[in-house]
Amino acid sequence: MISIPLRWTRIHGIVLAGVLPLLTWSSVSLAAEQVVIASTGGAYDRALKEAWFDPFTKSTGIKVVTVVATNAEMRAKVAAMVKTGNVTWDLYLDGEIQAASKAHKAVTEDLTDFCKQFAGRRDLGANACAAGGALLQSTATLLAYRTGDGEPAPQTWADMWDSKTFPGERAFPNFDDPWRVMAAALLADGVSREELFPLDVERALRKLDEIRPAVSVWWKTGDQSVQGFRNGDYSVGQIWLTRAKAMQNEGLPIAWSYKASFLVGDRIALVRGARNRENALKLMAFWLNSSEAQAKACEVLSCTPPSTEAIALMSEVVRKTMPHADEVRDYMVVPDSEWINANAAQLLQRWNEWLR
């Protein structure tokens, strides 16, 4: 044990008084190494935590703090944080379509320079990293249904409207991008994929009038769509493939159809003015550089990862549940992002009027 003479302590007390706070501050700053990311919670977050966040923390020592919110809440919160200059999140997950909008660009950092490091990667597609964010995964919003012994299975949006052949309650999303519900209604009404956009909003709402009495769940979060199915609140619903796959993994009696589906995806966006900017960039780079993390997450969620090497690591069973090239070609609708973003405000206003 080292003892400090009393005289030295008194003489240098002022020095020690100045050093101790510095030591304390240093310890706190090291303990505070973190990155804050907002997502939609539930099974989706659990899959990301196990496959991505935990391995990242183990590799870097940087803690990943997750915040749960709906997509609409995330966009509103980020806009408010940037406007007031009180930014408490670093990253958030935004839809592929929204990530191309002016509103998104106004509150997020342009990642063009960050993306240059991935330009030569043969396993990554050209859109794996873009100005609006790093690609987390590609998936689908589609028709999912409760399976039963010998019962006919709905396959198209027209089947979802056919309550006589396919009885039971229905579920649709209700958040700030209602284009997918309107698009499903138009397809159910006989509009072809090629003529879907621009959406005929009034025709879509007239078709939705027909099914509205059967809708028991207007879900705002993926967790709500899962809980509604788990509780038996609906038999046929428009939900995310990632949530449907998570429920199937639980052993719930659910299946889905790519003949009634929209190709969508999520991007990892960096909030403008993020406090933990460098840590956030490290977390994004870790995702794009780790085919193992991508494969593990998409193994659970049945999503398509950015890297072809990740797809190769996934089991044959899961790869069979992913949309194949012919299904994308023949059935899946690729949304018109430019039109949706240009008309987002009017779509939402008309949707809210109808829903009231």
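A residue counts as exposed when its relative accessible area is over 50%, as buried when that area is under 20%, and as partly exposed in between. The model used in these exercises is predicted.

**Exercise 1. The two sides of H9**

Task: Find which residues of H9 are buried, and which exposed residues sit on the face turned away from them.

Solution.
Step 1. Locate the helix. H9 covers residues 201-211.
Step 2. List the buried residues. They are Val 201, Ala 204, Leu 205, Lys 207, Leu 208 and Ile 211.
Step 3. Look down the axis of H9. The buried residues fall within an arc of 160 degrees, so they line one face of the helix.
Step 4. Turn to the face that points away from the buried side. Arg 206 and Glu 210 are the exposed residues there.
Step 5. Ask what the buried residues pack against. The partners are helix H7 (157-161), strand S6 (170-173), H8, strand S7 (215-219) and helix H18 (344-355).

**Exercise 2. A salt bridge that begins in H9**

Task: Describe the salt bridge between Arg 203 and Asp 189, and name the network that includes both.

Solution.
Step 1. Check the distance. The closest N and O atoms of Arg 203 and Asp 189 are 2.7 Å apart. The cut-off for a salt bridge is 4 Å.
Step 2. Place the partners. Arg 203 is in helix H9, while Asp 189 is in the loop between helix H8 (179-188) and H9. The two are 14 residues apart.
Step 3. Judge the exposure. Arg 203 has a relative accessible area of 28%, so Arg 203 is partly exposed. Asp 189 has 30%, so Asp 189 is partly exposed too.
Step 4. Follow shared partners. Salt bridges join Asp 189, Arg 203, Lys 207 and Glu 210 into one network.

**Exercise 3. Two further salt bridges**

Task: Give the N to O distance for Glu 109 with Arg 277, then for Lys 49 with Asp 54.

Solution.
Step 1. Recall the principle. Side chains of opposite charge can pair when their charged atoms come close.
Step 2. Take Glu 109 and Arg 277. Their N to O distance is 2.6 Å. This pair links distant parts of the chain, 168 residues apart. Glu 109 lies in the loop between helix H5 (102-107) and helix H6 (112-115), and Arg 277 in helix H12 (residues 277-289). Arg 277 is partly exposed, at 32%.
Step 3. Take Lys 49 and Asp 54. Their closest N and O atoms are 3.0 Å apart. Lys 49 is partly exposed at 45% relative accessibility. Asp 54 is partly exposed at 35%.
Step 4. Place these pairs in the full count. The structure has 19 salt bridges.

**Exercise 4. Rings and charges**

Task: Name the residues of the ring cluster, and the charged residues over the faces of Phe 229 and Trp 354.

Solution.
Step 1. Start with the total. The whole structure holds 16 aromatic pairs.
Step 2. Collect the cluster. Ring pairs link Trp 161, Phe 172, Trp 218, Trp 351 and Trp 354.
Step 3. Add the charges. Arg 212 lies over the face of Trp 354, 4.4 Å from the ring centre. Arg 146 lies over the face of Phe 229, at 4.1 Å.

**Exercise 5. Two backbone details**

Task: Find the cis peptide bond and a residue other than glycine with positive phi.

Solution.
Step 1. Look at omega. A cis bond joins Phe 197 and Pro 198, with omega about 0 degrees. Pro 198 is in the loop between H8 and H9.
Step 2. Look at phi. Ser 302 has a phi near 55 degrees. Ser 302 sits in the loop between helix H13 (291-301) and helix H14 (308-313).
Step 3. Check burial. Ser 302 has a relative accessible area of 1%, so Ser 302 is buried.

Terms used
Residues numbered from 1 in each chain as written. Predicted model: local features only at pLDDT ≥ 70, side-chain atom pairs only at ≥ 80, totals over all residues. Heavy atoms only, no water. Phe/Tyr/Trp six-rings, centres within 6.5 Å; stacked < 30°, edge-to-face > 60°. Lys NZ or Arg CZ within 6 Å of the ring centre and 35° of its normal. Salt bridge = Lys/Arg side-chain N within 4 Å of Asp/Glu carboxyl O. Buried < 20%, exposed > 50% of the residue type's maximum accessible area, 1.4 Å probe, protein only. Helix = DSSP H or I, 4+ residues; strand = E, 2+ residues; numbered from the N terminus. Arc of directions from axis to C-beta. Contact = heavy atoms within 4.5 Å.
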